[in-house]
Amino acid sequence: MNYESLDEALRPLDPGSLQSVIFSNPIPSKTKYRKIRAERNGSDFFVSSFTVTQVFHETVPADRILAFCLETASDTYRQLNLWLSDGRVMEILLSKKGKAHVSTTAAVQAPALVRSKALPNRQKNHILQEGMIVPPLVDMGVMTPEGKIIRARYDKFRQINRFLEIIDDEYKDYTSEKPLRVIDFGCGKAYLTFVLYYYFTEIRHLAVDIIGLDLKTDVIEKCNQAAQKYGYASLRFEIGDIADYSPDQDVDMVITLHACDTATDYALYNAVTWNAKKIFSVPCCQHEINNTITSQNLNVLTRYGIIRERFSALLTDALRADLLECCGYETQVLEFIDLEHTPKNIMIRASLRPGGPKASAARKKALLPEIESALKEFRVEPTLYKLLHSCISDEDNT
């Protein structure tokens with residue numbers, strides 16, 4: 001359906017039905033933000049604005065969200081994706097003249113009343129179950145104070161459980177009296193950090209020491225206040241930069257979710273240099289290779305803009321996974337449904353092998369020529385490769 005303006009396209013929407021919005025395809029001369037994400041959190045929307053290396057946060061009252069969409073997108077972004085409470089997804093494409101083309105996909109789930117009957121069966125294998133009172137999820141508006149899941153937020157509940165399932169695959173049989181030390185790079189408002197603390201302490205009954213790092217002072221203050229409110233004594237938040245943070249103790253786990261572009265590379269590099277036992281990384285905005293990639297033999301993958309962008313993201317994460325393998329990690333690349341309702345996403349999950357890099361000499365010998373062949377073919381030199389050069393090119397394996 002076509003409209004003369006974005007204002008006209010948004011006018012029929014009920015603000016109460018809107019759950020999240022993503023602004024994409026920016027006009028570079030009009031904004032420094034490559035993407036903006038707004039997600040409902042109770043009576044407000046939590047807004048994250050992404051540059052190449054940083055993310056900035058603000059809060060917008062729910063009753064102003066449509067006005068915010070109009071103010072933010074007009075003459076600045078060419079695409080909006082809006083997720084509604086009934087499961088529909090609305091895509092708005094804006095022309096250079098400001099006209100709006102709207103397409104809507106049908107709900108992929110049953111209406112709330114039908115879904116509520118099916119919910120107990122769908123929950124059987126969930127780590128978090130209806131009836132558990134998880135304070136962060138109550139504040140997120142995912143469940144009521146009595147532990148009942150809010151039907152319009154069931155997708156969110158399912159996605160959080162998916163994250164915990166991936167963690168649980170590695171820690172369901174873990175036992176130790178020593179606190180598990182976890183660092184979450186770029187934690188933002190730290191919803192998953194709080195849920196992770198609940199999982200380790202209340203479900204697995206493990207001692208933990210979790211640190212969330214972010215660059216925003218106000219975000220860190222609010223997160224520390226929330227940790228005190230929940231009584232999470234071994235969870236704290238600090239102002240810290242991914243590139244130069246140095247821990248004062250050994251690190252068991254590094255988490256980096258949606259760190260933009262090369263920020264993911266610095267987080268992975270730090271994890272490797274600290275010999276972190278587990279790494280869980282959901283990369284975001286893989287622009288570095290896309291900006292320079294060329295090829296003579298496989299230019300079919302670099303000729304068309306959208307193909308080049310998607311291939312660049314896949315190549316970036318494939319190289320990251322192989323580089324971690326070269327540095328002594330057993331690495332998996334998983335499909336991960338993230339909290340922003342993007343259709344597909346990738347998580348890199350890595351476990352340090354006993355013996356680390358020395359035990360992986362044969363693996364490195366097999367993978368390093370493949371890595372260097374790909375770099376040569378596409379004429380790229382990604383940040384993680386440069387950062388880990390000393391790890392992957394020692395004399396024993398050249």
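In this predicted model, Glu130 and Arg151 pair up in a salt bridge, with their closest N and O atoms 3.5 Å apart. Glu130 sits in the loop between helix H3 (112–122) and helix H4 (135–140), and Arg151 in the loop between H4 and helix H5 (154–171), so the bridge ties together parts that are 21 residues apart in sequence. Glu130 is partly exposed, at a relative accessible area of 26%, and Arg151 is partly exposed too, at 22%.

A longer stretch of sequence is spanned by Lys278 in strand E13 and Glu170 in helix H5, so that parts 108 residues apart are tied together. The N to O distance in this salt bridge is 2.6 Å. Here Lys278 is buried, with a relative accessible area of 16%, whereas Glu170 is partly exposed at 22%.

Arg353 and Glu325 make another salt bridge, their closest N and O atoms lying 2.9 Å apart. This pair links distant parts of the chain, 28 residues apart: Arg353 is in the loop between strand E15 (346–352) and helix H10 (356–359), and Glu325 is in helix H9. Arg353 is partly exposed (26% relative accessible area), while Glu325 is buried at 5%. Elsewhere, Arg181, Asp209, Arg236, Glu238 and Asp248 are joined into one network by salt bridges that share partners. Across the whole structure, the search turns up 21 salt bridges.

Glu377, in helix H11 (residues 361–378), is another story. This residue is buried but has no salt bridge, because the nearest side chain of opposite charge, Arg379, is 7.1 Å away and a salt bridge needs N and O within 4 Å. What Glu377 does have is a side-chain polar contact of 3.0 Å with Asn297. Leaving aside residues up to four places away in sequence, Glu377 touches Thr294, Ser295, Gln296, Asn297 and Leu298.

Backbone angles bring Arg379 up again. Most residues other than glycine have a negative phi. Arg379, though not a glycine, has a positive phi of about 55 degrees; it lies in the loop between H11 and helix H12 (383–387) and is partly exposed, with a relative accessible area of 46%. Cys285 is also a non-glycine with a positive phi, about 50 degrees. Cys285 belongs to the loop between E13 and H9, and is buried at 14% relative accessible area.

Tyr304 lies in the loop between strand E13 (278–284) and helix H9 (305–326). Together with Ile306 and Ile307, Tyr304 forms a nonpolar surface patch with about 290 Å² of accessible area. Tyr304 itself is partly exposed, at 47%.

Notes: Residues are numbered from 1 along each chain as its sequence is written. This is a predicted model: local features need pLDDT of at least 70, side-chain atom pairs count only at pLDDT 80 or more; totals for chains, interfaces and linings use all residues. Side-chain values use heavy atoms; hydrogens and water are left out. Helices (H or I, at least four residues) and strands (E, at least two) are DSSP runs, numbered from the N terminus. Buried means under 20% relative accessible area, exposed over 50%, partly exposed in between (1.4 Å probe, protein chains only). Lys and Arg count as positive and Asp and Glu as negative; His and the chain ends are not counted. A polar contact is a pair of N or O atoms within 3.5 Å; within protein, one must be able to donate a hydrogen and the other to accept it, and residues adjacent in sequence count only if both atoms are side-chain atoms. Contact means heavy atoms within 4.5 Å. Patches are made of residues with over 30% relative accessible area and no salt bridge: like charges are joined within 9 Å, nonpolar side chains (Val, Leu, Ile, Met, Phe, Trp, Tyr) within 5 Å. Accessible areas come from the Shrake-Rupley method with a 1.4 Å probe; for residues, only the protein chains shown count as cover.
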